[in-house]
Amino acid sequence: MKTIKTLTSSVVFGGLLLATGCASTQIYDPTVDRTGLRNSYTISHEELRQVALEAANQVLIAPRFIEYVEKFKAENGRRPTLKLTDTVNETNDPDLNVAVINDVLQEVLFNSSLIDVTLAEGTGRTQSIGNSRLVEFDDNFDKSTVAKKGRLVAANIVMRPKVVSNEVRDGRMKAVDRFFVIDIADIDRGGVVFKYSRPLGFVKTRGAVGW
Amino acid sequence: MKLAKFALAAALAAASGCVSSVNTTENADKNMTPTHIADARFVTDGFLRDRLALLNVRFSPAPGGLQQVQVEAMSLRVGFWDQVAGPDRYHIRYKFTWFDNNGMAVSTPLSDWQDKWILPGETVQFQSVAPSRQCNDFRLNLMEGH
């Protein structure tokens, strides 16, 4: 009896040891590698990045957007300033974060010298820009170095991402369609100066148990 | 003997039914006046070279003054064995790298690897826009996806 107990304990212990040994971490570079993982309840970084890169290539050469930028520069002697607005989220994920799309597009547009980007207003604003002006009341600061009031540049264009996700089920199959839309609008007149849409999708087939 | 011939014919018919590829038509007298440029190639994967024909490289300034490039390619995976050996769509990964006037690579999100799936016989375009006005040279890396 004792032998059986010892044997059983050894097998269980060995099994646990093996199972523990199976766990692994594999590092990958999202700019190079693809996991191919897709989930119907949330949107992967890969999907967002794919949309962002394709949109970035489009916005740099979109005729109506370029026309707007050139006209603005001719009339105002400077580049238009972009701010972000809230994402329109029509997916199952209430915490959807599309920062990848926003940041990639902003970076590409900013580096191309087509536009300026503001962090003083919009969804991506930082309080520290306004707060920095408060230090003029602190005697420890040289007042001539404090940012002056009335010098912040207001945004001229606003970017709004929109994501829609739909599911269709038929028997053991489930098709998930995503529709990404990126709008850039002229704040002065409200007209859209750039629009990009991209559908993505995948099909999952249910196994014997669960998805 | 008759049965063997019938089986062979049936197998061929079934096999040919599996092969579908893209046919293409276009206007013969073109209105466009693209700027074709000479290209230099360095091949390490002969299979990829034989399966994906690079037809031409076009280079032109975009409306905003940035350069843009388009490499046109056609999937030659149209044979029966090509399609039996792999999935119907040909998965290609590609990456554009842009260089400034000093020959330095400019790192931007546009330099990431991207994916394209090509139907047999389909003609596709790999396009990229220079990240800044200082970039006038490019390199395209292509590889088969898995």
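In this predicted model, helix α4(A) is followed by Ser113(A), a residue with a positive phi near 65°. The helix itself has 13 residues, and at 1.5 Å a residue it should span 18 Å; its end C-alpha atoms lie 18 Å apart, so the expected and computed spans agree.

Several residues of α4(A) are buried: Val100(A), Ile101(A), Asn102(A), Val104(A), Leu105(A), Val108(A) and Leu109(A). An α-helix has 3.6 residues a turn, so residues three or four places apart point the same way. The partners against which the buried residues of α4(A) pack are α2, β1, β4 and β5 of chain A. Ile101(A) may serve as an example. Apart from neighbours within four places in sequence, Ile101(A) is in contact with Leu48(A), Val51(A), Ala52(A), Pro161(A) and Ile182(A).

**The nonpolar cores**

Which residues touch the most other members of the largest nonpolar core? Among its 43 residues, they are Ala52(A), Ala56(A), Val59(A), Phe65(A), Ile101(A) and Leu105(A). In chain A, the elements that give two or more residues to this core are α2, α3, β1, α4, β4, β5 and β6, and β3 of chain B does so as well. The largest share, 7 residues, is supplied by α2(A). A second core of 6 residues is separate from this one, and Leu52(B), Val71(B), Tyr90(B) and Ile92(B) are included in it. In soluble globular proteins, nonpolar side chains tend to be buried together.

**Where the chains meet**

The contacts between the two chains involve 18 residues of chain A and 17 residues of chain B. On the side of chain A that touches chain B, the elements giving two or more residues are α2, α3 and α4 of chain A. Of these, α4(A) gives the most, with 4 residues. By class, this side of chain A has 11 nonpolar, 5 polar and 2 charged residues.

**Chain A as a whole**

Chain A contains 5 helices and 6 strands. Along the sequence, their order is α-α-α-β-β-α-β-α-β-β-β. The table gathers some values for this chain.

| Property of chain A | Value |
|---|---|
| Radius of gyration | 26 Å |
| Span of the C-alpha trace along the principal axes | about 90 × 55 × 30 Å |
| Buried share of the 211 residues | 23% |
| Mean pLDDT | 88 |

For comparison, a compact globule of 211 residues would have a radius of gyration near 17 Å. Among contacts in chain A with a separation of 6 or more, 69% join residues 24 or more positions apart. As for confidence, 91% of the residues in chain A score a pLDDT of at least 70. Within chain A, confidence is lowest in helix α1, residues 2-22, with a mean of 68, and highest in α3(A), at 95.

**A residue of chain B**

Strand β3 of chain B includes Thr97(B). Why is Thr97(B) classed as partly exposed? Thr97(B) has 17 other C-beta atoms within 10 Å, and this count falls between the limits, because a buried residue has 20 or more and an exposed residue has 12 or fewer. Not counting residues up to four places away in sequence, Thr97(B) touches Ala105(B), Ser111(B), Phe138(B) and Arg139(B). Val78(B) stands 19 residues from Thr97(B) along the chain, and the C-alpha atoms of these two residues are separated by 30 Å.

Definitions and conventions: Residues numbered from 1 in each chain as written. Chains lettered and ligands numbered in written order. Predicted model: local features only at pLDDT ≥ 70, side-chain atom pairs only at ≥ 80, totals over all residues. Core = buried A, V, L, I, M, F, W, Y, C linked by C-beta atoms within 7 Å. Contact = placed C-beta atoms within 7 Å. Nonpolar A, V, L, I, M, F, W, Y, C, P; charged D, E, K, R; others polar. Rg over C-alpha atoms; globule rule 2.2 N^0.38 Å. pLDDT = per-residue confidence, 0-100. Expected span 1.5 Å × (residues − 1).
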